[in-house]
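Reader: I'd like a close look at one helix and what packs around it, and then a walk outward from there. Could you take me through it?

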Amino acid sequence: MSKILTTLNQLSDYKKIESDIDGVVLGVKDLSVNYSNTYTVEEIESFLKTFKKEVFLSVNKNMHKKDLSLLEKVLKTFDGKVNGFFYYDIAVVNFKQKLQLKTPLVWAQEHLTTNYSTMNYWYDFGANYSFVSAEITLEEIKEIKKHAKSKLIVPIFGRIPMFTSNRFLITNYHSYFQLDQKKGHFHLEKEGNQIPIEEYEEGTICYSPHYLNGLKESLLLKEIDYFYFNSYGIDIVTYQKIINNYKKATKENQDALEQEIDFLLEGNTDKGFLYKETVYKVKS
Amino acid sequence: MRKPELLAPAGDLERLKWAILYGADAVYIGGPGFGLRANASNFTLDEIKEGVEFAHAKGARVHVTVNMVLHNKELKGLEEYLKKLEEIGVDAIIVSDPTVLKIAHEKTNLEIHISTQQSTLNREAVEFWKSQGATRVVLGREASREEIKDIIDHVDIEVETFIHGAMCASYSGRCVLSNFLTARDSNRGGCAQICRWDFDLYNENKKIITEKPFTFCTKDLSMLSYLPDMIDLGITSFKIEGRMRSLYYIATVVDVYRKAIDSYLKDKKHYKYDQSLETILRNVANRDSVPQFYHGIKDESCQYYNGRVEISNQDFLGIVLSYDIEKKEALIEERNHFEVGDKVEFFGPNKGVKSFEIQEIKDAEGNQIDAAKHAREQVFITVPFELEKNDLMRIKRL
């Protein structure tokens, strides 16, 4: 049975879903991107005292010079106390070697984690886990599983981050047109797609127009080590039902449970790229 | 201090030759596979060989992009491909996926450069890539002056930075808008440039903010005014973006940066910023350009709104095919309409700009005509000063 990892919109949310999950992925304040919320060192330390399942810390932003000392501090502080560090920036790998960290890494260059050979490359540098790209097909995931040395974490539910920028695009837009900028959630619209867009401390992120809903596919990927659930944009009561549906899914009830999730999310779900192969050469 | 390398893009063999003729120390090109411009014309292996021979004969280098983010099926054939590139004699490969780095490092003697697609911005990451056999890192476009300096001060490795051309709105590698909205894979060379589309921006009450379109679209990068500072920082290579750009664009931009670099290195004390070079760059571009992240600027001055302000550039009038000193007559291959009375100027490798007003145009049979109207039509014009093959003719705007 694959384990369930989830993000938390609020640390206290774990209480509602604890029985259905196997672990959490937490963003660290000033070192993470693409999470609803990030947490301070103190908050995480306190959380670790009460939460007894697996905890992965995500230090997955692009690291600038100013971030290196905090990154080093966080890696040292939580070394040996959490199950893994998600990383995007290769500085994390260098620190693991230099500081001889015991905690395994999770290769999480989200859109670049698309083949088993590179997963095996990072495995040799302590990435015992790979966070698999959400832009590849079911068949590609299965093939990766056959050849990868690392444990796989596969996104199976939720919005997918699809754009991370170092620019404040919402602020810039408001400044340019001299508009009053109110805080809150924004979205972009284009050809029927509604794309959540928001700013974080250092720039702008966008999420997929739809929630990935791979409940049926979770039954086809039983050999996968971890399924990753992204709670972004969903209240905890609804989220609790969704995770519970995945937990109790069987061949017999899968259609009904998947439809129920679709209903809960007002029809805004899809299968992402699980059955859709991307192309890159549009002319012969 | 070592003279920095001027690195130009080349979408095909013709542009490779022009980039080198106009002063590039090195060019970067895409091969038949594994690159990030899948829809550029790209080079066959035979063309790469010809390009390498041409470049080496002129003392220039050729870097080949192998910077695709690989899917399982693309792992096949990679080793053979890299060995062929080595056999051909390319000077370096630009890689993004560490699988390519590993194979190249273990199975070939190719020089390895880490692509900007890895968005490398700090010395720790650079140190790691060096330990894995990379000899150069192409820094992320978001790198500030302070960050570039910190890397150069702490890691003994070649550092390459962009100085001119288009920018990604995102960190390179961290945008899959194209995948989601068009199913074209941005990290395998299929980017549909969604960042240049118009969107409507809505607030949390699902109310449109204004009727003005939102766009991710950024202005281009131009570092001409910061070039002396960048040279003094010790950057190894200055990269011009644009493998899809025209021959004229590449020749012009290379020529401008060549002149600026040489002028500064020749006499640093008395170097003066040449405003006319900036004007030339502005005229050849189809978008505005600004320095962007070098000094941490990322505000609205770096963005495009109110629709795209992209001008189709028709300044480029023709290529000099030959010049008859006795007749004072140049044979020109037309690239844009020109006519008697036009004020034009010529420029070429290692020379200044000369201008005059066209008095007479003759067709290939020697008949007088009013204008050169047809693409690639060969015409004669009388020019009072000597020209050389491969000089370029443009409309006079200065």
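Author: Let's start with the cover. The buried residues of helix α5 of chain B are covered by elements that include α3 (68–78) and α4 (91–99) of chain A, along with β5 (112–114), β6 (136–138) and α6 (145–154) of chain B. Keep in mind that this is a predicted model.

Now the helix itself. α5(B) spans residues 123–131, and seven of its nine residues are buried, so the rest of the structure largely encloses it. Those buried residues are R123(B), E124(B), A125(B), V126(B), E127(B), F128(B) and W129(B). Why might a run like that call for cover from several directions? An α-helix has 3.6 residues a turn, so residues three or four places apart point the same way. Just past the end of α5(B), G133(B) has a positive phi of about 105°.

Chains A and B also meet through another pair of helices. Here it's α5 of chain A (residues 116–123) and α4 of chain B (residues 98–107), whose axes come within 8 Å and cross at roughly 75°. Angles of 65 to 115 degrees count as roughly perpendicular, and α5(A) and α4(B) are therefore roughly perpendicular to each other. On the α5(A) side the contact is made by S117(A), T118(A) and Y121(A), while α4(B) brings P98(B), T99(B) and K102(B). Sort the residues of this α5(A)–α4(B) contact by class and you get two nonpolar, three polar and one charged.

Stepping back to whole domains, chain B is split into domain 1 (5–172 + 218–300) and domain 2 (316–395). The C-alpha centres of these two domains of chain B are 33 Å apart, and the contact takes six residues from each of them. On the domain 1 side of chain B, helix α9 (residues 247–266) supplies the largest share, three residues. By class, that side of domain 1 of chain B has four nonpolar, one polar and one charged residues.

Chain A gets its own split: domain 1 covers 3–158 + 211–270, and domain 2 covers 161–207. For this pair in chain A, the C-alpha centres lie 24 Å apart. Six residues of domain 1 of chain A are in contact with seven of domain 2 of chain A. The domain 1 side of that chain A contact is made up of two nonpolar, two polar and two charged residues.

Definitions and conventions. Residues are numbered from 1 along each chain as its sequence is written. Chains are lettered from A and ligands numbered from 1 in the order in which they are written. This is a predicted model: local features need pLDDT of at least 70, side-chain atom pairs count only at pLDDT 80 or more; totals for chains, interfaces and linings use all residues. Axes are lines fitted to C-alpha atoms, for helices over the stretch in contact, and angles run from 0 to 180 degrees between N-to-C directions. Helices (H or I, at least four residues) and strands (E, at least two) are DSSP runs, numbered from the N terminus. Angles under 35 degrees count as roughly parallel, over 145 as roughly antiparallel, 65 to 115 as roughly perpendicular and the rest as oblique. Two residues are in contact if their C-beta atoms, placed from the backbone, lie within 7 Å. Ala, Val, Leu, Ile, Met, Phe, Trp, Tyr, Cys and Pro count as nonpolar, Asp, Glu, Lys and Arg as charged, and the others, Gly among them, as polar. Domain bounds come from an automatic or database domain assignment. A residue is buried if 20 or more other C-beta atoms lie within 10 Å of its own, exposed if 12 or fewer, and partly exposed in between; C-beta atoms are placed from the backbone.
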